[in-house]
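Some labels given to residues rest on cut-offs, and it helps to see how each label is reached. The structure comes next.

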Amino acid sequence: MISKIRIAVVALLLAPAAFAQKPILAATPPMGWNSWNKFAGKVDDAAVRGAADAMVSTGMRDAGYVYVNIDDTWEAGRDAKGNILTNSKFPDMKALADYVHSKGMKIGIYSSPGAQTCAHFEGSLGHEVQDANTYAAWGIDYLKYDLCGLRVEMKKLPTHEAQHQMMIEAYKKMDAALKATGRPIVYSLCQYGDDAVWEWGTTVGGNLWRTTGDISDKWASMSDIGFRQAGLAKFAGPGHWNDPDMLEVGNGGMNAEEYRSHMALWAILAAPLLAGNDLSNMTPETISILMNREVIAVDQDKAGKQGDRVTTEGPIEIWSRDLADGTKAVGIFNRAPSVLPAHVDFRKLGFAKAVKAHDLWLQKDLGNLDLTYTPTIPAHGVLFLKVSK
Ligand code: GLA
């Protein structure tokens, strides 16, 4: 009898701990900056500190951009015990992490499950646990794990099935190593969308996974990647996101209309918003595109429902995303290199009567619109609306 009572008391005491919910990591798509698109192999400690400083001074941090992510080329070899070393560009990673944390932000790093990274620096193969522990000791909050070097090992296997299995095991191994550190570390899979990663990304612990090859700072690259994301919405949600690659906004290869299309499409896709430009040197236009709070709010909408394509008419594509407040974000895109009228039928977007519309880029109410509406869309541009009954 006494022992039964004791068990009941112990169970009651433990219950709150057992049911206490851990906060979801990456509950909304990660936002921040990544060094690769602009700096590639030139990234160093000073560039990362400069990005962190700029994120504070421009207001980006307060707009939600909190991850400061170092991509490839920070690695040196290993010490006699096998611990990963940083090269001379990064004299003290712990001090750098402390600096980023002192600014109220988080820091990310990069590695590969192969012996080498894409840029042929040291990878994590055979050192997964050791590397995860090193990252945790430095205070790392985010890891981008890029398949690259493992492909060399995969190619030695005879069947696609065996190669696939090797990749899955490699991603699981690092996931287990990261979790074992006890530090919440966002886990970003980078294997370019092979083998329909969206179908199994969560089973290897991914918080986000690249769905495509590398973006470049050109309309053709960005639009090809962005508009190819149709159909992937159901695989995304809080804690697990499709990643159509980092932003190119502000790198100079596209005009402002094109960058607004880039940003609007990424917001509809609930994509991670990782700026990839030089933050310490931005035009007011770049700042206005990266920091439009209404556009960011669409991306970060707490319902976490990725949007999708609704209609296409030649180069005009209409995409829509359901938002937590019952309204919809609607992007009317023109993929043609000339101005075109778009024929919008709000019935196809689920509305039965005249709608209320708000222009997200202009942050301006447009009032009531009829069920059919014919706006003019700039070349490669977008009209980005919030639409409600
Ligand atoms: C791959 C990735 C890029 C970048 C480079 C670094 O190409 O897809 O995003 O990380 O490697 O070498």
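The questions below set computed values against their definitions.

This is a predicted model, in which local features need pLDDT of at least 70, side-chain atom pairs count only at pLDDT 80 or more, and totals for chains, interfaces and linings use all residues. Residues are numbered from 1 along each chain as its sequence is written, and side-chain values use heavy atoms, with hydrogens and water left out.

Q: Why is Arg228 called partly exposed?
A: Its relative accessible area is 49%, and because buried means under 20% and exposed over 50%, with partly exposed in between (1.4 Å probe, protein chains only), Arg228 is partly exposed.

Q: How do you know that Glu128 has no salt bridge?
A: The nearest side chain of opposite charge, Lys173, is 4.4 Å away, whereas a salt bridge requires a side-chain nitrogen of Lys or Arg within 4 Å of a carboxyl oxygen of Asp or Glu, and therefore none is counted for Glu128, which is nevertheless buried.

Q: What makes the pairing of Glu128 with the backbone nitrogen of Gly126 a polar contact?
A: A polar atom of the Glu128 side chain lies 3.1 Å from that nitrogen, and a polar contact is a pair of N or O atoms within 3.5 Å (within protein, one must be able to donate a hydrogen and the other to accept it, and residues adjacent in sequence count only if both atoms are side-chain atoms).

Q: Which side-chain distances link Lys144 and Asp214 to the ligand?
A: An oxygen atom of the ligand is 2.8 Å from an N or O atom in the side chain of Lys144, and an oxygen atom of the ligand is 2.5 Å from one in the side chain of Asp214.

Methods:
Lys and Arg count as positive and Asp and Glu as negative; His and the chain ends are not counted.
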